[in-house]
Amino acid sequence: MSLKLTVNGEAREVDADPGTPLLWVLREDLGLTGTKFGCGRAACGACTVHLDGQAIRSCAYPVRQAAGRQVTTIEGLAESKVGQAVEQAWIELDVVQCGYCQPGQCMAAAYLLGQQPNPDDQDIDIAMRGNLCRCGTYSRIRAAIHRAAEILRG
Amino acid sequence: MAPIPQLTSPDAATPAVPEIRLELSRRSLLRAVGLAGGGLLLGVRWPAQAQPTTVSAAAFAPNAFLRIGADDVVTVICKHDEMGQGVFTSIAQVVADELGADFAKVRVLPAPANHAYANPAFKMQGTGGSTSTYTSYQQMRQAGAAAREMLIAAAASRWQVDAAGCTAEEGVIRHAASGQNASFGELALAAAKESVPAEPRLKSKSEHPLIGKPVKRVDSPAKVKGEAIFSIDAQKPGMLIALVARSPHFGGKVQSFDGRRARATAGVKAVVEVPSGVAVVAERFWQARQARAALEIQWDGGDGAKLDTAEMRRQYAELATKKGSVARKDGDPDAELAKNPRRLSTSYDVPFLAHAPMEPLSCMVELRADGGADIVTGSQFLGPDTLAAAWALKVLPDKISIENTFLGGGFGRRATPGADFLVEAIHVAKASGLKAPIKTIWTREDDIRGGYYRPMWHNALAGAVDAKGHIVAWRHRLVGQSIVAGTPFELVMVRDGVDQTAVEGSASLPYDIPNVGVEMHLVKSPITTLWWRSVGHSNNGYATEHFFDELCRLGGVDPFEERRRLLHKHPRHLRVLELAAAKAGWGEALPAGLGRGLTVHESFKSFVAQVADVRLVDGRPRVERVVCAVDCGPVINPDIVRAQIEGGINFALSAVLHGEITLEDGRVQQSNFHDYPLLRIDEAPRIEVHIVDSTDEMGGIGEVAVPPLAAAVANALLALTGKPVRRLPIQEIQ
């Protein structure tokens with residue numbers, strides 16, 4: 001079935017079973033492999049993307065529900081000021097270790113900062129607890145979100 | 001014990017690990033060769049068939065740790081895989097410093113499979129055991145230094161000046177007296193024709209602008225932008241995706257299957273039996289997943305169908321009442337324990353644990369017309385992988401090419417002696433009869449239920465204290481499975497009934513106690529087991545350091561002072577212990593409801609002490625702060641050391657609070673992150689890291705923060721509640 005969606009500002013058309021999770025359409029049909037598969041049941045956050053500006057878990061989100069809507073993936077994150085600040089902070093603080101979960105962490109962090117420009121540690125914990133990091137970079141994730149908020153304040 | 005058969009798996013026919021005779025003499029190491037594309041390349045010789053495909057065609061290929069292009073780019077080919085531990089950055093720092101490179105122009109690529117990249121600690125190519133930095137530090141310095149001398153020689157000859165008057169800094173060779181200079185790129189071709197210095201001068205510490213500095217990670221930008229390629233991201237034209245339905249029971253086999261519904265699923269190209277189960281090959285992941293769900297398979301579970309971890313635990317405890325194979329005996333612990341009335345016997349249990357790296361396993365295989373294969377995967381063990389792949393295809397290893405990607409976490413899971421996931425992917429490609437490259441992907445459920453776990457251990461401990469409360473007897477009996485049984489490592493790692501990997505951290509108990517006994521009972525089961533970040537230390541750090549505090553409590557002595565007293569022959573233990581205690585404020589009055597626990601543990605040649613502050617919130621431990629002191633010898637990158645300590649503590653805390661794989665009726669009870677939870681950000685403690693400025697022998701860092709953490713938390717709870725933690729993960733505390 002042919003479906004139309006806008007990905008990182010570009011109109012895209014894909015031919016996929018409408019029940020396919022958005023994640024696999026992004027990765028396999030559109031070649032956007034920055035969004036990661038971690039669990040397949042919205043339990044780890046590695047697949048986090050923005051759908052019409054809202055953070056969702058694309059591994060458990062049927063592509064048909066994304067039809068006609070705006071999808072932003074990690075590849076498009078730097079298009080926004082918040083996204084740039086998040087990437088800059090992540091690199092400044094060397095948050096990453098293996099790095100596999102980090103696109104999802106960055107997408108979740110950008111969504112948080114869009115909602116709440118000056119989050120405290122508790123806000124961060126609540127917003128980010130759905131994003132697992134097996135390498136345990138949590139203290140740097142917290143610090144990087146504070147740093148991104150600082151960058152955005154200018 | 002129930003009749004449990006010897007470990008078998010589809011890859012049980014593991015080839016013997018050959019003695020790889022890699023002469024790491026300077027002469028062979030630093031063999032420079034003529035260049036095709038205008039560059040200087042240094043390294044050891046490798047067979048022409050195994051040239052790294054990751055090096056661009058413009059580069060000269062037969063040898064390499066280091067390549068310098070005419071474009072000034074310095075490419076370091078890192079023989080250790082990057083799985084988060086930061087080795088691409090630290091190795092690049094070392095090479096760049098000796099070379100005098102501009103770090104902004106340094107790139108790092110993963111080494112492909114080749115004997116040239118053998119890890120001297122294993123005598124084959126592999127990343128693990130926290131060995132990367134200390135085993136390659138001198139080798140990488142020499143590679144960089146020789147290249148520097150050749151660039152200088154080329155410049156001196158071009159300018160007709162004395163080489164001694166030339167310097168290499170920031171990627172430029174300068175001759176101050178004549179005012180001439182040239183970039184590395186401009187000199188690369190000429191440098192390649194210079195003879196290789198037999199004894200290149202290694203720089204002194206003061207000449208290293210990068211070593212010891214918190215240089216930014218080279219892999220951060222690509223990983224943050226989603227550009228880094230992991231195994232699961234690797235693509236080739238026409239690539240197909242495979243999923244394998246594996247036996248729900250360890251050691252189980254397919255009895256029969258009906259693949260008609262699976263074959264009728266859209267996009268499915270093949271449904272075939274493989275040694276590990278039934279594979280479904282499709283155009284897309286989701287199609288393969290749907291088709292796999294449509295398979296109807298009858299399994300022969302064998303003895304694995306009866307496994308029950310609760311029952312195994314009971315059997316372990318019973319076995320622990322009997323004397324085991326002796327790993328260590330000082331004095332006469334049995335006699336002291338028999339006569340001393342101030343004694344304590346207890347036990348600690350730890351469960352099977354899955355590594356659960358965030359990136360599930362995957363491996364892409366393209367079979368070649370010559371009978372070999374081109375493989376792309378994320379592996380810690382390219383040496384054994386190459387041999388296992390050759391064995392599976394019945395070809396010589398030179399017909400196997402393996403490229404490594406970034407690894408989305410490893411923790412030991414990507415280092416299987418029998419190359420389980422790689423060999424399986426080969427079987428899938430072979431059985432499918434398809435010409436396309438096929439990437440076999442594991443789902444999270446496949447990963448959690450797929451075995452290769454950290455073994456379950458039962459620790460029986462007995463100890464006694466003297467009239468002053470000081471520890472005078474110690475006996476530790478371990479019961480569990482050997483991770484190396486049935487692998488080529490068994491020959492060297494199991495001696496007289498003792499698995500050396502299982503007693504690391506217990507047989508090496510550093511305390512000056514007159515009577516020490518360490519014994520073990522090895523049991524067998526069809527459950528596959530493997531090294532898991534910090535291996536035996538992950539159990540022994542908990543058992544020994546928690547028991548130590550239990551004995552201190554029995555003796556009425558301070559755990560810090562008793563450790564100091566018994567570590568008087570171990571200055572590096574003492575130094576981190578005292579540093580952590582001082583930084584944490586050991587001995588000061590604590591607010592109500594807060595418990596504080598302290599531990600010290602040596603592993604992988606490094607020394608770590610931790611102090612944990614723990615509270616109880618609704619019967620669950622809440623770790624508020626961990627203060628950690630580490631002595632790993634000279635440090636290449638202190639920020640990476642810090643990151644490994646932070647990460648190691650959180651990794652260990654996952655196991656303390658949550659991690660547990662159990663089996664009932666032969667089935668793994670967990671399947672994904674909802675029932676095999678990992679630590680989340682709201683549970684992550686504040687972590688303070690203090691690095692000892694050390695000139696002692698260099699040690700490892702990737703695993704060393706894991707072993708002491710469980711006991712630090714358990715000791716804090718013991719101090720807070722008066723009750724020991726008898727098993728992990730910690731159950732609700734009343």
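**A sheet, a buried histidine and an interface**

In this predicted model, helix α8 of chain B (residues 309-319) lies across four strands of that chain, namely β15, β20 (457-465), β21 (471-481) and β24. Its direction makes an angle of about 140 degrees with β21(B). A second helix, α15(B), spans residues 537-555 and lies across β15, β20 and β21 of chain B; here the angle, taken against β15(B), is about 150 degrees.

The strands underneath these helices belong to an open, five-stranded sheet of chain B with mixed pairing, and the order runs β14-β24-β21-β20-β15. At the edges sit β14(B), residues 325-330, and β15(B), residues 343-350, each of which pairs on one side only. From one strand to the next, the twist averages 10 degrees. Strands of a sheet pair through backbone hydrogen bonds, in either a parallel or an antiparallel sense. For β14(B) and β24(B), the latter covering residues 515-523, the sense is antiparallel, with five bridges between the two. Ser325(B), for instance, has Met520(B) as its bridge partner in β24(B).

Elsewhere in chain B, His208(B) turns up in the loop that links α4 (184-191) to α5 (220-224). With a relative accessibility of 6%, His208(B) counts as buried, because the cut-off for that label is under 20%. The His208(B) side chain makes a polar contact of 2.9 Å with the side chain of Glu98(B). Neighbours within four places in sequence aside, the residues in contact with His208(B) are Asp97(B), Glu98(B), Tyr137(B), Arg141(B), Lys203(B) and Lys213(B).

Then there is the interface between the two chains, A and B. On the chain A side 46 residues take part, in contact with 57 residues of chain B. The size of an interface is often given as the accessible area lost when the parts come together. For chain A and chain B, this buried area comes to about 4,500 Å², and carbon and sulfur atoms give 56% of it. Polar links are there too: 29 residue pairs are in polar contact across the interface, counting pairs with both residues at pLDDT 80 or more. The side of chain A that touches chain B draws at least two residues from each of α1 (22-29), α2 (81-92), α3 (102-115), α4 (121-128) and α5 (138-153) of chain A. Of that side, α5(A) supplies the largest share, with five residues. As for salt bridges, seven cross between chain A and chain B. One example pairs the side chains of Arg129(A) and Asp682(B), at 2.7 Å from N to O.

Key: Residues are numbered from 1 along each chain as its sequence is written. Chains are lettered from A and ligands numbered from 1 in the order in which they are written. This is a predicted model: local features need pLDDT of at least 70, side-chain atom pairs count only at pLDDT 80 or more; totals for chains, interfaces and linings use all residues. Side-chain values use heavy atoms; hydrogens and water are left out. Two strands pair if DSSP finds at least two bridges between them. Axes are lines fitted to C-alpha atoms, for helices over the stretch in contact, and angles run from 0 to 180 degrees between N-to-C directions. Contact means heavy atoms within 4.5 Å. Buried means under 20% relative accessible area, exposed over 50%, partly exposed in between (1.4 Å probe, protein chains only). A polar contact is a pair of N or O atoms within 3.5 Å; within protein, one must be able to donate a hydrogen and the other to accept it, and residues adjacent in sequence count only if both atoms are side-chain atoms. Buried area is the accessible area (1.4 Å probe) that two parts lose on being put together, summed over both. A salt bridge is a side-chain nitrogen of Lys or Arg within 4 Å of a carboxyl oxygen of Asp or Glu.
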